[in-house]
Amino acid sequence: MTAETANETLGFQTEAKQLLQLMIHSLYSNKEIFLRELVSNASDAVDKLRFEALSNAELFEDDPDLRVRVEIDTDKKTITIDDNGIGMSREEAIANLGTIARSGTSEFLKSLSGDQKKDSQLIGQFGVGFYSAFIVADQVDVYTRRAGVAASEGVHWQSKGEADFTVSTIDKDARGTRIVLTLKDDAHEFADAFRVRSVIKKYSDHIAIPVEMAKQGDDAEGFEAINEASALWTRSRKDISDEEYTEFYKHISHDFEDPVRWSHNHVEGKLEYTSLLYLPKRAPFDMYQRDMNRGLKLYVQRTFIMDDAEQFLPLYLRFIKGVIDSNDLSLNVSREILQQDPAVDTMRAAMTKRSLDMISKLSKDEEAYQQFWDQFGAVLKEGVAEDFTNKDKIAKLLRFATTHGDSATENQSLSSYVERMKDDQNAIYYICADNYNTAKNSPHLEVFKRKGIEVLLLTNRIDEWFVGHLTEFDGKPLKDVTRGELDLGDTEADKKAAEEASETHKDLLERIKSVVSDSVEDVRATTRLVESPACLVTGEFDMGLQMRKLMEAAGQAVPESKPTLEINVEHALVTRLDKESDEDRFGELVHVLLDQARLAAGESLDDPATFVARLNKLLIELSN
Ligand code: ADP
């Protein structure tokens, strides 16, 4: 490394700066993980070199023995991680080490509380990475050169982990990246070979390339590998400890927390491949970003091909992490080819099944499953609409809040609902609303309460959409309690009474209809209500309220449809209404009834001020 040229100082991107600070402060008590992260990045860089060299062997230059080296200088208190991988150009160093390109990052950072303990958990959602170097170093020097370019195109990147970094062009003979950390006073333990050896051993046994350190002993010379250097997934399950599985997960995911479950399988037959899938503990912060990195790390015959091969898992399993190593794909496979290859479809079906089996096994442990559901339930629901083949399997994994029990927690399965069904009950009932209280206290549930029939309370934005795709479970249809005619296994006598009620109050119902015919399709006597005077019912095939709101919010055209107004003819207010001879007052009262029904359904009123004025007028009359 000689004369430095073209020196420039650049500021970190705001998000990068914030993340850097967060990393330093929240992972302070877990300092050693910087080694895992840097060795992991170095091994990725070596994987990438090997991949690019498949089509351009010159990239190996004259240094074909791929490895990562960790060197220590006890006097200077530095630790160096050196790889002969792909390296970075000047532009890449600036972009990769100075900015964070994941969308949603600034929202993620805003969601942090400032409480270090809580935030250090959340950092797991983001993934730890290169910046973890600053947990232990007060200066980081990165010397790097991209494979295949002249020695004079090397780059020196330097930062003290504050607001800015400098980059300059240098001569660098060896390709790859050399990262020198000048250790902080309280991190001198990492300038101790014995200590570092044990950490590296722990973090890198599963890494497929040698991680080397200087040989030990007084006149020992040169380097020796201190890890096993065999790809973890190629080993037999019985030879791999839980700890190794966990470390490997952290290596591929950059997650800070342990995985919840994993599934490791080798398949032989028409196709030959090995897969290792993991279920993370926590949802990544960008699970709902379109460009979230998802999919598996793809290897072909042990050679790394690409990250985030999303063709191997459906979208609704985008939180699953892992690797797949195929013997059937070609080494020069591209994303485009993956999309058309029938072998990939077969593997994808198998990966889907394995993932669902893994989740299903987890569901036997109620507490663990609740945690899983809270994190990933909403995404799993998408599968009901997305994956017709596995719909029944997914349905068994769903959890709901219901009127059985008194909490908003989604913890009841459809199977347990079916077990509690009444003898004469022939459907699984649900209601969709904005939130738990609106759902639970909806007038629509009154008759269900009276008859002791359980109702699923659906309050997630996508619930109405997904449940529309789940037409039945265990042979029982799912039915929206706010839609169409209700048949709760009524006795003949019940039915007759309802018909009579409609008949007796025919005139009243007609009179009401003449007032609100612009807003409603029909007015009829209800079988749903016990305590409330009126409610709105959606047509069997019309779009429900939640879906309507969702589409309106997305700026889409919503088809015209009017609800039916159902009246509780037994209610005191309705009896009073029947006696009202003043047509104006009758009209006012009917409008109040209609608006009340809208409010109870969680709708917003077109003209709330008029509703309030009408109500006040009635209250004054009452008090006079
Ligand atoms: P992540 O690895 O999650 O992308 P990092 O912050 O760890 O995030 O690293 C950012 C990027 O910097 C990497 O994606 C990679 O492109 C580049 N990088 C880091 N370390 C190295 C290395 N040793 N050799 C080449 N590139 C590297």
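The exercises below, each with a worked solution, concern a predicted model.

Residues are numbered from 1 along each chain as its sequence is written, and side-chain values use heavy atoms, with hydrogens and water left out. In this predicted model, local features need pLDDT of at least 70 and side-chain atom pairs count only at pLDDT 80 or more, whereas totals for chains, interfaces and linings use all residues.

**Exercise 1. The ligand**

Task: State which residues surround the ligand, and give the distance from the side chain of D83 to a nitrogen atom of the ligand.

Solution.
- Step 1. A residue is near a molecule or strand if one of its heavy atoms lies within 4 Å of it. The residues around the ligand are N41, A42, A45, D83, M88, N96, L97, G129, F130, T177 and H254.
- Step 2. A polar side-chain atom of D83 is 2.9 Å from a nitrogen atom of the ligand.
- Step 3. Oxygen atoms of the ligand are approached as well: an N or O atom in the side chain of N41 lies 2.8 Å from one, and a polar side-chain atom of N96 lies 3.2 Å from an oxygen atom of the ligand. A polar contact is a pair of N or O atoms within 3.5 Å; within protein, one must be able to donate a hydrogen and the other to accept it, and residues adjacent in sequence count only if both atoms are side-chain atoms.

**Exercise 2. An open sheet and its helices**

Task: Determine which strands stand at the edges of the sheet β10-β11-β14-β12-β13.

Solution.
- Step 1. Helices (H or I, at least four residues) and strands (E, at least two) are DSSP runs, numbered from the N terminus. Two strands pair if DSSP finds at least two bridges between them.
- Step 2. The five strands form an open sheet with mixed pairing. β10 (261-267) and β13 (303-309) each have a single partner strand, so they stand at the edges.
- Step 3. β10 and β11 (residues 273-279) run antiparallel and are joined by seven bridges; V267 stands opposite Y273 in β11.
- Step 4. Helix α8 (residues 242-253) lies across β10, β11, β12 (296-300) and β14 (321-326), at about 85 degrees to β11. Helix α10 lies across β10, β11, β12 and β14, at about 40 degrees to β11.

**Exercise 3. Two helix pairs**

Task: Decide whether α18 is roughly parallel or roughly perpendicular to α21, and describe how α10 meets α11.

Solution.
- Step 1. Axes are lines fitted to C-alpha atoms, for helices over the stretch in contact (heavy atoms within 4.5 Å), and angles run from 0 to 180 degrees between N-to-C directions. Angles under 35 degrees count as roughly parallel, over 145 as roughly antiparallel, 65 to 115 as roughly perpendicular and the rest as oblique.
- Step 2. Helix α18 (residues 506-516) and helix α21 (residues 583-600) pack at about 80 degrees, with axes 10 Å apart. Therefore α18 is roughly perpendicular to α21.
- Step 3. The axes of α10 (residues 342-362) and α11 (residues 366-386) come within 10 Å and cross at roughly 140 degrees. Therefore these helices, α10 and α11, are oblique to each other.
- Step 4. L356, I359 and L362 in α10 meet A368, Y369, F372 and L380 in α11.
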